[in-house]
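Biologist: I would like a close look at a single part of this model, taken slowly and with the contacts spelled out.

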Amino acid sequence: MALRKEAGTMARDYQAMSIRTLRELARSAHPEHDPEAARVFVDRVLDMEAERVTWHLHENNGYQPFSSAAKMGEQPGGGTAAAEPLAIAYERGSRVHAGHEFAKEWLESARLRPRARLAVLIRAAKLHPMPTQQGAPWAKGYDFIAQHLPIYSRMLQMGSLSTMAELTQVEVVRVTEKVTYRRARNEHKSVPIFEKGQALKDAARDARVQLLLLAQL
């Protein structure tokens, strides 16, 4: 029986599964639970969230999907084919789909502290395949990113963050049967969020471990 279950686990293609199916298999209470499913689920969530927030720079209002050097109605770089508005709208709609919303909501429910969320999304963005131009900033080393953190936090839609004063601590307070969250200012106002790249990597690792534990609940 154990060998049969192990063979069934090995036969699963977690990469091809929907994120909702992965979510269920990640739960330790699921009869077919496999720790590998939890790992793939967490990495998929982080990958999709990094993908969603970095797209925002090119999907926001006012962005025009054609070159300013192209003639009216031409595709980027010129040409005779007119840009089709319906095709563009379809492409945008299919990019940010229900799976991305599910990943966003689950990650929000994890309630990572801002520093941890920032670190783990930086790691995900570095690992996520992007076009050369868009991916160039993420090819930089962790030390460089730590030194230029405001640029990277803006790309991840977390504002222009640099020091701990710009983050807020969230204190969990139990009130009767409910749990509320109270914000308090960080005492270390002048301390950089990440002094060096190693601090960033350590924070990303710890945040990912926290998410792996949550995924199995």
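Which residues in the largest nonpolar core touch the most other members?

Modeller: This is a predicted model, and in its largest nonpolar core, which has 52 residues, Phe41, Ile122 and Phe194 are the ones that touch the most other members. Two or more residues of this core come from each of helix 2, helix 3, helix 5 (98-110), helix 6, helix 8 (142-147), helix 9 (149-155) and helix 10, and helix 3 gives the most, with 10 residues. Taking Ile122 from among those three, and leaving aside residues up to four places away in sequence, one finds that Ile122 touches Trp138, Tyr142, Ile145, Leu149, Leu156 and Leu200.

Ile122 and Leu200 also appear where helix 6 meets helix 10. The axes of helix 6 (residues 114-127) and helix 10 (residues 197-215) come within 8 Å and cross at roughly 100°, which means that helix 6 is roughly perpendicular to helix 10. On the side of helix 6 the contact is made by Arg115, Ala116, Ala119, Val120, Ile122 and Arg123, while helix 10 contributes Ala199, Leu200, Ala203, Ala204, Ala207 and Arg208. Sorted by class, the residues in this contact of helix 6 with helix 10 are 9 nonpolar and 3 charged, with no polar ones.

Note on methods. Residues are numbered from 1 along each chain as its sequence is written. This is a predicted model: local features need pLDDT of at least 70, side-chain atom pairs count only at pLDDT 80 or more; totals for chains, interfaces and linings use all residues. Side-chain values use heavy atoms; hydrogens and water are left out. Axes are lines fitted to C-alpha atoms, for helices over the stretch in contact, and angles run from 0 to 180 degrees between N-to-C directions. Helices (H or I, at least four residues) and strands (E, at least two) are DSSP runs, numbered from the N terminus. Angles under 35 degrees count as roughly parallel, over 145 as roughly antiparallel, 65 to 115 as roughly perpendicular and the rest as oblique. Contact means heavy atoms within 4.5 Å. Ala, Val, Leu, Ile, Met, Phe, Trp, Tyr, Cys and Pro count as nonpolar, Asp, Glu, Lys and Arg as charged, and the others, Gly among them, as polar. A nonpolar core is a set of buried Ala, Val, Leu, Ile, Met, Phe, Trp, Tyr and Cys residues joined through side-chain atoms within 4.5 Å. Buried means under 20% relative accessible area, exposed over 50%, partly exposed in between (1.4 Å probe, protein chains only).
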